[in-house]
Amino acid sequence: MAADPLETFTQLPLTIDPTSKSVSSPLPHLSEPLTALHNLQRSLLSLPAQIPPPPLPTNPKRSAQIQKMRDQGNASLRKSPTNPSEAIQLYTYGIEMALGRPGWEPSQLVREEASLLYANRAQAYMAGQMWAEGAADAECSVECKRAGNGKAWWRRGKCLVEMGRWRDAANWVKEGLEVEGEKEGELVTLWKDIEKHEEEERRKEGR
């Protein structure tokens, strides 16, 4: 059986000129590929110095607009807590602007902005009893920022409870407490509610 060329290493007699950096070999069948390599080297050396430009500063107008969308969303939700559609739309605009930042801007800034906006939109969804949407947004917020984001941990846990997904809620809230600690009072209270529910379920099963 012939050896697989991808699994076989063949050492070729190659030498590099220390002055010109050109590669040569006594093997005739390497003449053509080495010539192509030398032509490529000369082409690259003939190019002007390609120095990357300095990083561009963060666009302050975009930052201001994102903050404006968030503030307006918060104001709308306070004004109409039972009709959060406008707030949801404003938060969505802010999320799209944050995620649409150019690639050269700091990724940490994008994550911070997106984390806040996803958490806010999750709250708006919860106000409209759209539990699945709220759970998804709260999870996105946590993915952007795991630590120091207790509200997002609580909101997804609460949405899961409202959907009757008690086991998923327990796993989620437990993980949230491991990350945030017991300083998050709402998260601790939710965990106690879940434990109480599970205890009641076990008692029913034992009858």
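Me: Let's call a residue buried under 20% relative accessible area, exposed over 50%, and partly exposed in between (1.4 Å probe, protein chains only). What makes Glu175 partly exposed?

Reply: Glu175 has a relative accessible area of 31%, which falls between those two limits, so it's partly exposed. By the way, this is a predicted model, where local features need pLDDT of at least 70, side-chain atom pairs count only at pLDDT 80 or more, and totals for chains, interfaces and linings use all residues. Residues are numbered from 1 along each chain as its sequence is written, and side-chain values use heavy atoms, leaving out hydrogens and water.

Me: How do you know that Glu175 forms a salt bridge with Arg146?

Reply: The rule wants a side-chain nitrogen of Lys or Arg within 4 Å of a carboxyl oxygen of Asp or Glu. The closest N and O atoms of Glu175 and Arg146 are 3.0 Å apart, so the pair qualifies. Glu175 sits in helix 7 (residues 166–180) and Arg146 in the loop between helix 5 (131–144) and helix 6 (150–162), so the pair links distant parts of the chain, 29 residues apart. Helices here are DSSP runs (H or I, at least four residues; strands are E, at least two), numbered from the N terminus. Arg146 is partly exposed at 41%.

Me: And what makes Lys158 and Glu162 a salt bridge?

Reply: Their N to O distance is 3.5 Å, so they pass too. They're 4 residues apart in helix 6, about one helical turn. Arg203 and Glu199 also form a salt bridge, at 3.3 Å, and are likewise about one helical turn apart, in helix 8 (residues 185–205). The total is 12 salt bridges.

Me: Why are Cys140 and Cys144 not called a disulfide?

Reply: A disulfide takes two cysteine sulfur atoms within 2.5 Å. The sulfur of Cys140 is 6.8 Å from that of Cys144, its closest cysteine sulfur, so that's too far for a bond. Cys144 is in no disulfide, and the whole structure has 0 disulfides.

Me: Is Cys144 buried or exposed?

Reply: Buried, because its relative accessibility is 19%. Cys140 counts as partly exposed, at 25%.

Me: What makes Leu37 fit for a nonpolar patch?

Reply: Patch residues have over 30% relative accessible area and no salt bridge; like charges are joined within 9 Å, nonpolar side chains (Val, Leu, Ile, Met, Phe, Trp, Tyr) within 5 Å. Leu37 has 40%, so it clears the area limit. Leu37 lies in helix 1 (residues 31–46), and forms the patch with Leu40, Leu44 and Leu47, about 380 Å² of accessible area together (Shrake-Rupley, with a 1.4 Å probe; only the protein chains shown count as cover).
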